[in-house]
Amino acid sequence: MQKYEKLEKIGEGTYGTVFKAKHKETHEIVALKRVRLDEDDEGIPSSALREICILKELKHKNIVRLHDVMHSERRLTLVFEYCDQDLKKYFDSCQGEVDAAVVKLLRGLAFCHSRNVLHRDLKPQNLLINKDGELKLADFGLARAFGIPVRCYSAEVVTLWYRPPDVLMGAKLYSTSIDMWSAGCIFAEMANGGRPLFPGNDIDDQLRRILSPPSEETWPNAVKLPDYKDFSNIQGGAVSFAVVVPKLSAAGRDLLQKLLVLNPAHRISAEDAMRHPFFADLSPSFRA
Amino acid sequence: MAANFWLSSHCNQWLLDREEIQLERQRDYQYLKEEDYKKIHIFFINFIQALGEHLKLRQQVIATATLYYKRFYSRNSLKSIDSLLMAPTCTYLAHKTEECGVISNTRFTAGCNAVVKNKFSFAFPGEQFPYRMTQVLECEFFLLEMMDCCLIVYHPYRPLTQYVADLGMEDAILPIAWRILNDSLRTDVSLIYPPYQIALAAIYMACVIQQKDSKQWFADLSVDMDKVLEITQEILQLYELWKSYDERTEICSILSRAPKPKVRPTSATPGQTPSPVPPES
């Protein structure tokens, strides 16, 4: 712990307090996440363990780097690379650069998915931007390594606003498509200058906000979901994307539409999304 | 995660050299013959297996706990932390990393106690499990740190089922090969070889036992058969050792010769002793 000098408190994470700190010798700025350990409890919390073991396997420029794990008397400290701001704060300054930010998000996701890791909690607060403008996926406290035999997962993942319709209706089998829906919501939010796309108050409200109600032919298995709700007679379905994201180009709307497909089986993958024409103007290095 | 073994910390940081492992053990070989050293680890891996079964854990979790245990002592002397504390700690951590939720502390310590009393009283006559949960939690830190936080591990069970399906001999081969893999946890193969090679060695041995011809299948795989045979040799050595060894009557005297941490609680005063000695750096 003596290696670092604490500078200021940045925030409260899922399982501990985050500080900005400076390495005493190298002067490198880092983020310290302090994990509280309660006496006679579960030891190292599962969420911290998940983050540690997953980040140990994921080294990529669009994923926040875990430098070190330190422990002292009943306290665990994770040392992360420092990022100046999260996407929430960045929205104002990134007008016109939505495509660059989105492609970085997709690149980080494609990497996670290629290593069989689901993030499961994507939201603007978990996307960090460093001083060079690089976007990093962070907070893997809910992330999960998935194996080949699909297992049942918890339906209580992903912050409500970014939760896909299948998970809202209780789907316990999901895959990379869960993160793609969230990426779509974040994309629209960026395009609208930080206004959340589906800011629902509860699960029903959330489902009602999600554009068109699922139909028999586009999503035949929806009725089999544990908490299936029939929204076919709800007013206001099938809102045009031109109204929802007016500032976005036609190509951008097309990509958004492919990310926000109700049926998880038909949602575009991160790998394919990166090759979408929306990113045609970016230099090829962005898509590498 | 099967497809990504080659990019994992298991592959890149935790496949060790046999020489490297032997070198680390020289400290303990001052007190113990190599064979007795092996017997101590076999004993504590049996403990992990028994505790896992008592707590009704899946074999995958037991295998992960065993690999954590092997990793710890591949870099540390028996003197650094008592195996009787390290073995259950590995189970406790593996249970969390394999996403099985949390075991309540009461259930966990009760499990340790039951296993010590009912299964291993021949080694610890009249004793209880001497550690408290706070010591297990403290030990968990040392374990995490010593493994450099590499907690995701790969096992040969999944490649085994895939290979056997490809070979088309599920009924004849799978149960025997599976048992061979369980036995192989008591050797160093999981520290040295990638899981797929261990799976192949188990299939190779099972085919010999069942007198099934798999020569062509192995030839078509174009794998390094020398490695497969090395693994086979190491597992056969374990079977050889078991032939002339009775753990129940011999382990007490072996344990008494083992190097010990400076402090080891006695059951007269459970938990009243200082913390375990941290691993030597």
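Which residues of chain B does UniProt list for "domain: Cyclin-like"? The unreviewed entry gives residues 46-145 and 158-237. Keep these ranges in mind as you look through the close-ups below, which come from a predicted model.

**Figure 1. A helical stretch of chain B, residues 158-237.** This view follows one of the ranges that UniProt lists under "domain: Cyclin-like" in an unreviewed entry. Here the chain is 81% helix and 0% strand. Its end C-alpha atoms are 24 Å apart.

**Figure 2. B:F43 meets B:F120 edge-to-face.** Across all chains, a search of the whole structure finds 22 aromatic pairs. In the pair shown here, the ring centres are 5.3 Å apart and the planes stand at 85°, so the arrangement is edge-to-face. B:F43 belongs to helix α3 (residues 34-54) of chain B, while B:F120 sits in the loop between α6 (105-119) and α7 (133-146), so the pair ties together parts that are 77 residues apart in sequence. Both B:F43 and B:F120 are buried. If you widen the view, you will find them in one aromatic cluster with B:F44, B:F47, B:F122 and B:F124.

**Figure 3. B:F72 and B:Y73, another edge-to-face pair.** The centres of these two rings are 5.0 Å apart, with 85° between the planes. B:F72 is buried, and B:Y73 is buried as well.

**Figure 4. Charged ends over aromatic rings in chain A and chain B.** In chain A, the charged end of A:K6 sits over the ring of A:F19, 4.5 Å from the ring centre. In chain B, look for B:R75, whose charged end sits over the ring of B:W14 at 4.6 Å from its centre.

**Figure 5. A:V64 and its contacts.** You can find A:V64 in the loop of chain A between α1 (46-57) and β4 (66-72). With a relative accessible area of 3%, A:V64 is buried, since the cut-off is under 20%. Leaving aside residues up to four places away in sequence, A:V64 touches A:L55, A:F80, A:E81, A:L128, A:K136, A:L137 and A:A138. For a sense of scale, A:N263 is 199 residues from A:V64 in sequence and 30 Å from it in space, C-alpha to C-alpha.

**Figure 6. The largest cavity and its lining.** The structure holds four cavities of 30 Å³ or more, and the largest encloses about 100 Å³ of space. Its lining is made up of 14 residues, with B:Y154, B:H155, B:P156, B:S190 and B:I198 nearest the centre. Helices α4 (59-75), α9 (170-184), α10 (189-192) and α11 (195-210) of chain B each supply at least two of the lining residues.

Terms used: Residues numbered from 1 in each chain as written. Chains lettered and ligands numbered in written order. Predicted model: local features only at pLDDT ≥ 70, side-chain atom pairs only at ≥ 80, totals over all residues. Heavy atoms only, no water. Phe/Tyr/Trp six-rings, centres within 6.5 Å; stacked < 30°, edge-to-face > 60°. Helix = DSSP H or I, 4+ residues; strand = E, 2+ residues; numbered from the N terminus. Buried < 20%, exposed > 50% of the residue type's maximum accessible area, 1.4 Å probe, protein only. Lys NZ or Arg CZ within 6 Å of the ring centre and 35° of its normal. Contact = heavy atoms within 4.5 Å. UniProt positions renumbered as here; feature names shortened; annotations may be inferred. 1 Å grid on protein atoms, 1.4 Å probe; cavity = no way out; pocket = protein on both sides within 12 Å on 5 of 7 lines; lining within 4 Å. Points joined across faces, edges and corners; volume = space filled by probe spheres on them.
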